[in-house]
Amino acid sequence: MRDKLVNWLIQNRPKIYEDMINTNHYVDIHEPNKYHVEGSIWTHTMMVMTWVEVQHRNENYELDDIYHTLITAALLHDIGKPSAYEEIDATDTKPRRAMFKGHEGISAHMSIDILKELQVEFPMVYTDRVVEDVIRVVSLHGVLVETTDMYLNRLLSHFHMADKGGAIRDERN
């Protein structure tokens, strides 16, 4: 499913793909983002998708819906970062850095039309429940939240691990 989704996005949303490749987590090569040393938004996205894929093979999520939700959320979770990119000047305590304020909401909004198309193309996979859950995970992926919905908590917990596992961190600082 991972490869199908990646190829679908590249073919059907080449601008999103290009923007993700051309937007980095760091300001320049000499000032890496200590939370995303891997660089581009696209590289991080592929690493998160790979994390989900490996976890699925190792854990074999009981329901295909969990896997489909997580792998799709992995693809879409940072598609809003290129339009949220902001360069922040250095301060006395922090270096110059890239910020992506509000990218979760932007990503969720951008995901809606993509998910509608995926639902038409893959109706057996993209049920209304999966589409709704992908949007919820994408919109909430940047915060640690506990809800009364145990299923959503489980999805978010798995996704937070994937998002962190799909990043290279500089632990020296």
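**Reading the largest pocket and the fold**

Biologist: By class, which residues make up the lining of the largest pocket?

Modeller: In this predicted model, the lining of the largest pocket comprises 13 charged residues, nine polar residues and nine nonpolar residues.

Biologist: How is such a pocket found, and what is the volume of the largest pocket?

Modeller: Rolling a probe the size of a water molecule over the atoms reveals where empty space is left. Here, the largest pocket has a volume of about 940 Å³.

Biologist: Which residues lie nearest the centre of the largest pocket, and which elements each supply at least two residues of its lining?

Modeller: Of the 31 residues that line the pocket, Asn33, Tyr35, His36, Ala98 and Arg169 lie nearest its centre. At least two lining residues are supplied by each of strand S2 (97-99), helix H6 (103-121) and helix H8 (150-165).

Biologist: Where in the chain is confidence lowest, and where is it highest?

Modeller: Predicted coordinates should not be read in detail where pLDDT is low. In this chain, the average pLDDT is 91, and 97% of the residues score at least 70. Confidence is lowest in S2, with a mean of 88, and highest in helix H2 (residues 14-22), at 98.

Biologist: What pattern does the chain follow along the sequence?

Modeller: The chain contains eight helices and two strands, arranged along the sequence as α-α-α-α-α-β-β-α-α-α. Its radius of gyration is 16 Å, close to the 16 Å that the globule rule gives for 173 residues, so the chain is as compact as a globular protein of that length.

Biologist: What share of the residues in the chain is buried?

Modeller: Buried residues account for 46% of the 173 residues. Among contacts between residues at least 6 apart in sequence, 65% join residues at least 24 apart.

Methods: Residues numbered from 1 in each chain as written. Predicted model: local features only at pLDDT ≥ 70, side-chain atom pairs only at ≥ 80, totals over all residues. Heavy atoms only, no water. 1 Å grid on protein atoms, 1.4 Å probe; cavity = no way out; pocket = protein on both sides within 12 Å on 5 of 7 lines; lining within 4 Å. Points joined across faces, edges and corners; volume = space filled by probe spheres on them. Helix = DSSP H or I, 4+ residues; strand = E, 2+ residues; numbered from the N terminus. Nonpolar A, V, L, I, M, F, W, Y, C, P; charged D, E, K, R; others polar. pLDDT = per-residue confidence, 0-100. Rg over C-alpha atoms; globule rule 2.2 N^0.38 Å. Buried < 20%, exposed > 50% of the residue type's maximum accessible area, 1.4 Å probe, protein only. Contact = heavy atoms within 4.5 Å.
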